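Biologist: Hey, got a minute to go through this model with me? I'd like to start with one chain and then see who touches whom.

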Amino acid sequence: MNWDAALPLLVLASSLLPGLVIFFLTEERVATRTTLNLAGAVLKLMLVGVMIWGVFHGAHYETRLPLLPGLDLLLRADSLSMLFVVLSSILWLVTTVYAVGYLEGSPNRSRFFGFFSLCVTATVGVALAGNLITFVLFYELLTLATYPLIVHRGTDEARRAGRTYLVYTIAGGTLLLVGTVWLYTLSGTLEFTARGFLSGLDATHHWSLVVIFVLLVAGLGVKAALIPLHGWLPQAMVAPAPVSALLHAVAVVKAGAFGIVRVVYDVYGMQFSASLGVTLPLAIVAAATIIYGSMRALFQDDLKRRLAFSTVSQVAYIVLGIAIAGPIAAVGGLVHLVHQGVMKITLFFCAGNLAETLGIHKVSEMNGVGRRMPWTMTAFTVGVFGMIGVPPLAGFISKWYLGLGALDVGQGWVIFILAGSSLLNAAYFLPILYAAWFKAPAGTWPAERSFGRRETAWALLAPPLVTAFLTLALGLLASAPFGLLQWARFITRLEYAP
Amino acid sequence: MSPAFLYALVGVGLFTLGLYALIVHAHLLRKILAINVMASGVFLVLVALAARTQGAAPDPVPHAMVITGIVVAVSATALALALMLRVRAETGRAELAEEPLE
Amino acid sequence: MSDIHWPVIVILLPLAGGVACFLWPRRSVLLGLLTALGVVACVAGLGWQVVEQGAQRYAVGGWGAPLGIDLYADGLSLLMLTVTAVVGLGISVYSSGYFERARYGQDRARHFWPVWMFLWTALNALFLSADIFNLYVTLELLGLAAVVLVALAGGADAVSGAMRYLLVSLLGSLFYLLGVALLYHSFGSVDIAILAERVEPSPAVWAAMGLMIAGLLLKTALFPLHFWLPSAHASAPAPVSALLSALVVKASFYILLRLWLEIFPFANAALAQLLGLLGAAAVFWGGFQALRQTRLKMLIAYSTVAQLGYLFLAFPLASITGWTGALYMLLSHAAAKTAMFMAAGNTLYFGGHDRIADLDRAVQRMPLTMTAFALAGISIMGLPPSGGFIAKWLLLEAAIRSGQWWWGGVLILGGLLSAAWVFKVVGYAFTRSEAPHEARAVPATMEWTALLMAVLAILLGLFAPWLLALLEIGSPFNRENAG
Amino acid sequence: MNTVLSALLLILAPLLPLLLAFPALRSRLPRPCHIALLPALILLTVPPGVSIDLPWLLLGTGLGIDDGAGRLLLAMSVLIWALAASLLHTAKGQPADDRLTTCFLLTLAGNLGAILATDLVGFFTFSVLMGYGFYALLVAGGDEGARRAARVYLVFLILADLALFEALLIAAATAKDLGFESVRQAMAQSASPGLYLSMVLAGFALKAGVWPLHVWLLPAFRSSRPAVALLLGAVPVAIALLGLVRWLPLGEVSLPALGLVIQAMGVAAMLYAILAGAKRASLTRLPAYAAIFITGLFTTVLGMGLSDPEVWNRQGNLACFLIVSLGFGVAILVAANGWLQARCQYSALPEKQADDSSPWFERWSVAVTRWAAQMGTDTLPRLRAAWLANVDRCLRRIRIWQRTLDGSERFLQRWAYAVTLFLLLGIVVVFVGALSWI
């Protein structure tokens with residue numbers, strides 16, 4: 001096996017192997033565990049860097065292992081997968097640092113970090129999957145690896161949340177599987193190809209293809225939390241903050257959204273799915289999700305629940321961008337894949353900091369918290385404004401391309417959805433900021449922990465600051481050469497160039 | 001209707017009889033006996049049908065089979081009887097509990 | 001090396017091992033383990049031979065059919081032998097820990113090893129038999145050995161379960177034997193290959209088919225004839241439950257498959273649909289009953305009922321993909337169910353009970369065991385990457401290709417049901433129970449064997465092409481398909 | 001060398017206040033607010049017409065300073081901000097507040113950036129920064145009345161930004177690039193500039209507090225501290241008017257009808273300011289009415305410009321002067337007011353709060369919030385109750401099913417039934433198998 005074929009495997013192994021080793025470490029070996037985790041994360045980042053360089057210069061990294069007669073386990077690095085891989089490996093590093101700080105002194109950390117690494121492995125697998133069956137494989141692996149993290153605390157509430165999560169995701173995975181098998185019986189191949197591999201099929205199959213599309217998107221929509229399949233996400237917020245970060249930003253929801261992108265682009269092909277007439281309903285579902293998620297977020301007092309509903313709304317942007325079926329909107333959807341991750345992880349880190357340092361879980365307890373924890377709240381503010389889509393932050397870029405793309409293909413209604421969503425975002429986020437910065441503190445915090453002169457432990461503070469900075473940088477330097485925007489254009493060119 | 005066929009019919013009759021007894025009797029000893037009767041019926045069928053062509057010497061293979069079968073049946077009966085005793089020792093009755101395990 | 005008579009050795013070696021265990025009970029563990037290793041090696045030798053030279057037919061003592069006893073090894077038998085060898089090795093290792101120090105006294109262990117070796121002999125002989133009468137004999141031996149093993153646990157439950165099992169087993173065998181008699185009368189042979197050539201529809205054949213299929217269904221515990229299985233499987237000692245679920249019920253399915261494919265290829269579609277329907281009913285019934293159980297071993301036993309139902313879904317599909325799917329299901333279920341019963345045995349050993357609601361943080365206290373359970377659960381649910389997934393994929397593909405998508409629906413819903421009970425258990429394993437209880441350490445061999453078996457079930461998902469290629473050797477499916 | 005220097009100054013003018021907004025960076029500096037103004041001040045001395053392209057920033061933007069309006073406005077801004085910076089920490093009884101300084105500097109950065117922006121996105125970005133900064137300034141430095149005004153301002157701001165965002169999108173879809181000049185031309189040639197125009201007008205009208213959207217202006221002027229009140233004219237209002245000048249295709253299109261409507265609104269605003277100001281003449285309110293008046297005047301000019309391009313081309317500069325005069329005028333009034341109040345003990349006017357406790361313009365938002373909350377708490381439990389009842393029914397049905405299942409399983413386990421069933425199955429198999437043969 002040469003280097004080109006081994007690289008995708010190595011990227012997977014860089015998180016899998018540390019994870020497996022960590023499972024067998026005893027609780028006390030904190031240093032070894034942390035070293036392993038960080039070494040894996042950094043190594044992965046370096047490998048991904050090499051891979052990006054290669055992909056940009058036209059190298060093909062492809063690992064092919066036989067899975068079934070006629071079907072391979074295929075890992076392939078293309079431009080779209082690199083987008084997701086980069087996102088998850090960077091955020092993994094950050095989240096690992098955060099999790100180390102967050103879980104300090106709590107029980108069962110070896111198990112936690114083991115599954116954590118497994119989760120990232122599955123995510124990277126989802127990203128690198130070169131055909132639908134490999135995708136399904138890692139997608140299910142992701143479901144399984146996340147479950148122990150959600151029930152990590154071992155309370156009855158956690159178990160219920162875990163059950164809800166499973167009911168949704170396993171049902172979704174099943175739909176996905178059925179769709180995949182059906183597709184395979186029709187087409188005889190499942191390999192992702194730019195512009196899809198189905199357009200050549202006989203016209204008599206078109207109805208089947210529509211049904212399959214619905215099956216696939218419903219299966220993926222569970223993880224992407226499209227309505228009405230979003231019910232698990234708000235419940236899953238009982239998990240520790242790093243897990244929420246993982247669910248909302250790094251892995252799970254992203255895997256769903258990414259899968260939809262894959263299905264629309266590389267299975268059906270943009271033109272073909274538009275001609276099947278499936279993109280408009282998808283766009284409508286996404287739009288409804290955007291509005292509904294925001295509406296529900298308005299009325300949540302629990303901070304993490306509010307953030308969870310906000311995720312429901314924000315992830316649908318990605319789907320919307322894809323479903324609008326235009327090259328510019330696609331850029332918007334793709335960059336939002338990254339932007340949403342970075343912004344939402346900031347918010348969850350901050351929420352975790354508040355809970356861990358001061359015991360704050362509810363919005364109504366946040367009065368004046370800006371004075372006690374200015375750095376955390378600064379990061380939170382940046383995240384919030386990014387979510388609303390205020391320039392020059394990352395969210396603005398996403399909304400800009402989405403709106404522009406919608407106008408470009410004559411779907412003007414979308415910009416009203418965007419506007420309405422921004423309005424609602426502002427309505428449920430700005431009161432938090434107002435309370436945090438301008439209201440007088442209540443006097444005592446629910447459960448305060450002292451960290452000396454600092455507002456909280458450095459491992460808790462550094463990650464949100466880094467991601468907040470990324471939020472700013474992604475917006476400000478959007479047009480920079482080798483920036484994210486260039487990469488997204490590079491992807492859409494493949495799909496749309498004549 | 002040849003005598004061989006008649007024997008075979010008797011064999012089937014024995015089989016059915018045994019089956020009936022197996023169903024209706026609760027006591028394990030009766031059940032074991034019923035099984036034995038059924039086995040005898042099958043053996044009878046085998047032996048009877050060995051005479052496949054009228055007048056010719058009967059096929060020896062089924063006889064070998066029957067002997068094997070009898071050996072198996074004997075050992076099975078021995079095991080069943082031993083088990084029955086254990087059931088009686090454990091539960092106090094030589095019958096099968098009709099309710100499933102809790 | 002190619003002229004060694006591997007088939008005979010594969011049968012004789014466990015027999016010799018069993019006798020040795022019987023004669024030197026003090027050394028039985030060592031002898032049993034050595035024999036297990038030896039059998040694995042011999043099966044590997046046979047496998048090599050089959051792969052190199054194609055399907056093997058071997059006449060014992062040089063007599064040959066129709067008078068002598070023939071042994072026949074093609075891809076299908078090889079696969080069954082292999083899974084028996086691997087699972088058997090696992091069970092042997094596990095038992096060395098389980099019976100050595102468990103509350104089972106030394107004499108029980110003394111009984112276990114010889115009987116287990118005899119059972120293995122019967123299994124190997126069954127998979128290698130080339131005629132339907134030998135199949136009867138081996139089936140009967142298998143049943144008797146299995147009954148003894150069930151009764152080994154002692155106690156009212158186990159003994160009653162064993163008794164019931166024995167009666168059922170004898171009843172099924174007698175039905176089968178009657179069918180054999182009818183077939184022999186009609187065609188003058190018991191050799192499968194000869195029968196396959198000669199057989200043609202007639203009332204006697206229909207009667208024989210009905211008798212044999214019914215008898216085998218009873219022994220395979222297809223719904224609604226599963227009534228004996230849960231009590232027998234749940235009350236047996238853990239390694240015995242494992243081998244009953246993993247191997248013994250599969251043996252009668254194997255015979256059914258052989259008969260169906262080779263002797264009754266003209267069986268009409270309605271019968272296949274009937275079997276499929278019963279299979280579907282088994283999937284649902286077993287799944288629901290498993291969900292209702294409060295004890296772990298009982299739950300696993302009912303899940304076996306459900307999993308056996310999957311095997312019968314291949315009958316109405318009647319395509320190579322369908323058959324290979326069912327066989328793959330059989331393989332992965334064997335590995336996964338072994339791991340699961342072993343895990344259940346570990347929890348029983350650990351806490352002295354197997355109530356699901358009182359698992360009490362088993363995840364923290366027995367991580368290896370719970371990992372084994374969860375991994376096996378993944379395969380049972382048919383989630384990737386696992387053997388169960390491959391099987392489900394193949395069956396689904398066959399269902400959609402044949403236009404009978406509703407069988408696919410059964411698969412899917414059955415998978416969801418099993419997911420429900422697997423995660424019910426796993427969920428309780430994470431939480432703290434109200435009534436704490438004392439616990440004792442589980443031997444490492446037991447935990448590790450369970451884990452290894454579970455990992456095997458997962459790995460089956462990654463090595464499908466090789467195993468499926470094995471099935472192609474002298475494949476009966478192609479023949480059926482061509483005919 | 002000169003160009004490098006001026007480019008550096010252009011960047012520094014908004015960047016320095018932005019950097020100094022971090023408390024850690026300015027903690028050792030004396031008078032950071034004044035230092036932050038220095039680059040802008042020096043920029044005034046640089047020969048006009050400098051600009052710099054920043055293609056890597058945002059969606060590709062630039063900064064520059066043109067000869068006319070921009071320079072004038074910059075000068076005015078520098079002056080007023082310097083004044084406000086001096087006032088910021090000197091008001092009696094107000095301890096130096098770190099947050100206030102941060103907000104102040106953020107707003108300053110936004111303001112300077114908006115003046116220097118050469119394209120729509122840059123302008124939009126900086127004006128948003130300015131808007132939120134100014135909101136924070138109002139809230140951080142003011143009393144309850146100011147906060148309420150700030151809240152309304154915030155709502156207007158968000159709505160305005162949404163409208164402007166839509167306008168931006170339309171502009172981007174129409175024009176080649178987003179420089180002011182090319183957008184103006186593209187819009188002039190566009191077949192349907194109506195949506196763009198109305199969005200821009202609505203957006204900036206909201207931001208500027210043009211009558212009848214002036215509701216936040218009055219309490220803001222009345223209740224905020226002098227330094228902030230001083231900025232009111234120069235910052236949100238003036239920049240919004242500047243935005244109108246920059247974004248609209250003035251002097252290029254002729255839209256008589258729209259122009260007439262706008263003119264009418266401007267005249268009405270002026271009338272309102274005169275009438276209301278005369279009726280409720282008090283020194284504290286005067287700056288607000290003055291601001292409304294000048295905005296009205298500006299609106300009138302704008303309407304004329306829209307209806308007849310020629311007028312704008314000849315007298316467009318008037319608008320800029322109006323903006324500048326607005327800033328100065330308001331500033332002077334506020335300063336005078338502050339001076340007077342400082343003499344008679346500036347207080348937060350507690351007696352005036354009573355009748356202002358819920359002005360009409362805020363009542364609707366309260367009503368909507370209450371309604372929404374009711375939606376959230378009332379209908380949902382009802383829904384939930386129905387749902388629960390449903391679930392209960394389902395559960396009961398499930399329990400029946402379970403009992404049936406258990407019962408049938410027990411039935412199946414009975415030996416006699418089971419063996420009979422087995423027999424039956426055998427017969428069925430024979431029968432079904434024989435079917436095809438028969």
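**Chain B and its neighbours**

Modeller: Sure. Chain B has three helices and zero strands, where helices (H or I, at least four residues) and strands (E, at least two) are DSSP runs numbered from the N terminus. The elements run α-α-α from the N terminus on.

Biologist: Any ground rules before I read on?

Modeller: This is a predicted model, where local features need pLDDT of at least 70, side-chain atom pairs count only at pLDDT 80 or more, and totals for chains, interfaces and linings use all residues. Residues are numbered from 1 along each chain as its sequence is written, while chains are lettered from A and ligands numbered from 1 in the order in which they are written.

Biologist: What is the mean pLDDT of chain B?

Modeller: It's 84, and 89% of the residues of chain B reach 70 or more; pLDDT is the predictor's confidence in each residue, from 0 to 100.

Biologist: And where in chain B is confidence lowest, and where highest?

Modeller: Lowest in helix H1 (residues 3–24) of chain B, at a mean of 88, and highest in helix H2 (residues 28–49) of chain B, at 91.

Biologist: OK, new topic. Which chains share the most contacts?

Modeller: Chains B and C, of the five pairs of chains in contact. Two residues are in contact if their C-beta atoms, placed from the backbone, lie within 7 Å.

Biologist: How many residues does each of them put in?

Modeller: Chain B gives 32 residues and chain C gives 30 residues. On the chain B side, H1, H2 and helix H3 (61–91) each supply at least two residues, with the largest share, 16 residues, coming from H3(B).

Biologist: How does that side divide into nonpolar, polar and charged?

Modeller: The side of chain B that touches chain C has 24 nonpolar, four polar and four charged residues. Ala, Val, Leu, Ile, Met, Phe, Trp, Tyr, Cys and Pro count as nonpolar, Asp, Glu, Lys and Arg as charged, and the others, Gly among them, as polar.

Biologist: What about chain A and chain B, how far apart are their nearest C-alpha atoms?

Modeller: 27 Å, and chain A and chain B do not touch.

Biologist: Last one: is Ser6(D) buried or exposed?

Modeller: Buried, because 21 other C-beta atoms lie within 10 Å; the cut-offs are 20 or more for buried, 12 or fewer for exposed, and partly exposed in between, with C-beta atoms placed from the backbone. Ser6(D) is in helix H1 (residues 2–20) of chain D, and beyond its neighbours within four places in sequence, Ser6(D) contacts Val46(D) and Val50(D).
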